[in-house]
Amino acid sequence: MICLTLSGSTLSDDLRAVKENREYIDMCELRLDFLTEDEQKRASIFPSLVDLPVILTFRRLQDGGCLNISEKSRRAILVSALDGDFKYVDIEEDVKRSEVEDKAREKGVRIIRSLHDFEKVPEDIYSKLYHLSEKGDIAKVAVTPRSFQDVFTLFRVEEELKGVDKIVIGMGEYGVATRILYKKLGSMLTFASSNEVAPGQISAKELKLEYRADHVNDRTAIYGIIGNPVLHSASPRMHNRGFKAINFNAIYVPFLVDSVRSFFMFAEYMKIRGFSVTVPFKVDVLSYLGNVTREVKQIGSCNTVVRVPGMWKGINTDYYGFIKPIMADIDSGRIKTALVIGAGGASHAIVWALRNYGVKVTILNRTLSRAETIARINLCDYDSIENASRYEGSVDLIVQTTSVGLYPEVDQNPIEAFHFSGNEIVYDIIYKPKMTKLLSEAEKAGCKLHYGSEMLLEQGKLQFEAFTGYHYPHWVDSGLE
Ligand code: NAP
């Protein structure tokens, strides 16, 4: 179930939020600590105004609530609200037998016994959960993973406590995967926000429409992307839309990772079928792969990992993703020479792709030794980025592969002094923003442009094929352009 947390200051605000999100949610949580004093007194009518089960919660300040109030008053307000037809009431684990609990039991309102930890995942999380469930209540833990290993600990909850009614939430950015894959944790619900998204929170609409989190079942195949940072990635949107369009029972999740080793252990445990790899792990994953394609071997970096019998296989789809949009111009002879700005991981794949098709390449980089390494392997020239102007008017293609100009530093251009003749084809692989400063200057000069979003889409389509065995459905808006 997807549960919308209501944080309005009036019941009308909360009602509006329920209406706006009605098609995405199965239940809601009325947070009394957000309501004004007068509205708290009217809270008992709320369940009769909505056609959903409602959780009654008055969060204390120390548990993330937003009202400083005496414990006696808090409980009195909860008791009064319980006159209404709430389905559940949240009671903190350290609140001893109280009038709230007595009234809830008397009325048959199910108790959610909750534990919050904003610092960490407690070491004895499984026994804590078990303890919370002892009286037949729903055990709830909302804890804060500080590493991917902590996330893994939360995913093992279901194996440790099968059959226990529970709600398990990983808060913060590491916890995002637990919110999306809540069913795999055996969590009876996931909390969603209305619109404003705090770190780690996901909107109800996104959970329902993009991730289809409530459709996950035992047979749902898990895919994802690992990176750090990763939550900005557009790949989940693309792959989840593709899965939905071809009725493929799968979900694609962003995993914020700090250790590739922890992730591979997790991937084995969860039987993950495949995943994309982004900065900074494209090289780190290599030592875990039993089989790699020729591109990965040559380029020394891998952006796609798939499960094959008995091992993990590494693929590099950046290579094809980059070359496809300019292939016609290479075939026609329009592109014979290229200037590649940057000598990082993406540059290596690009230089190799261009060399494979006989294009003469010069690499320009700030750190000359990195340009030299790629140039030596791929038999091409290299120079310092400061000398970019020397190549004015002498190349057919300019490819920008550095992170200069990437959001939020959108007013930067790594070759500021370079003058375009207008005859060059200019390709910036940055996709956020689509129109970088470099591209807008090239456009002014009359150059033909290629965008990072084209490469992203093409490499994503190939990943989709590697993951599912099917073409990316052409009728779907991938959300990448
Ligand atoms: P990387 O391995 O970290 O390489 C970064 C490159 O940027 C290096 O050449 C680095 O030069 C250069 N650089 C960074 N800051 C600079 C500065 N202030 N001045 C001059 N040069 C600077 O990163 P990557 O994986 O190759 O990715 C690079 C960019 O490509 C990122 O923006 C990424 O989003 C984008 N990308 C796009 C796609 C796509 O599908 N469109 C795919 C992959 C990557 P030094 O060697 O001197 O540090």
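**A ligand, its shell and a few odd peptides**

Domain bounds here come from an automatic or database domain assignment, and for the protein chain that gives domain 1 (2-216), domain 2 (227-316 + 458-468) and domain 3 (320-450). This is a predicted model, where local features need pLDDT of at least 70, side-chain atom pairs count only at pLDDT 80 or more, and totals for chains, interfaces and linings use all residues. Residues are numbered from 1 along each chain as its sequence is written, and side-chain values use heavy atoms, with hydrogens and water left out.

Visitor: What makes a residue part of the group that surrounds the ligand, and how many are there?

Guide: A residue is near the ligand if one of its heavy atoms lies within 4 Å of it. By that rule 23 residues surround the ligand, and the closest are Ala-346, Asn-365, Thr-367, Arg-370 and Ile-429.

Visitor: Why is the pairing of Arg-370 with the ligand called a polar contact?

Guide: The term means a pair of N or O atoms within 3.5 Å. A side-chain N or O atom of Arg-370 is 2.8 Å from an oxygen atom of the ligand, so the pair qualifies. Ile-429 gets there with its backbone: an N or O atom lies 2.8 Å from a nitrogen atom of the ligand. For Leu-456, a polar backbone atom is 3.4 Å from a ligand oxygen, and that still fits the cut-off of 3.5 Å.

Visitor: Which elements feed the shell around the ligand?

Guide: Helices are DSSP runs of H or I with at least four residues, strands are E runs of at least two, and both are numbered from the N terminus. Helix H16 (345-356) and helix H19 (452-468) are the elements giving two or more residues. H19 has the largest share, three residues.

Visitor: How do you know what character the shell has?

Guide: Sort the residues: Ala, Val, Leu, Ile, Met, Phe, Trp, Tyr, Cys and Pro count as nonpolar, Asp, Glu, Lys and Arg as charged, and the others, Gly among them, as polar. The shell then splits into ten nonpolar, nine polar and four charged.

Visitor: What makes Pro-280 and Pro-408 worth a look?

Guide: Cis peptide bonds. Val-279 and Pro-280 are joined by one, with omega about 5 degrees, and Pro-280 sits in the loop between strand E11 (274-277) and strand E12 (291-292). The bond from Tyr-407 to Pro-408 is also cis, omega near 5 degrees, and Pro-408 is in the loop between strand E18 (397-400) and strand E19 (425-428).

Technical notes:
A polar contact is a pair of N or O atoms within 3.5 Å; within protein, one must be able to donate a hydrogen and the other to accept it, and residues adjacent in sequence count only if both atoms are side-chain atoms.
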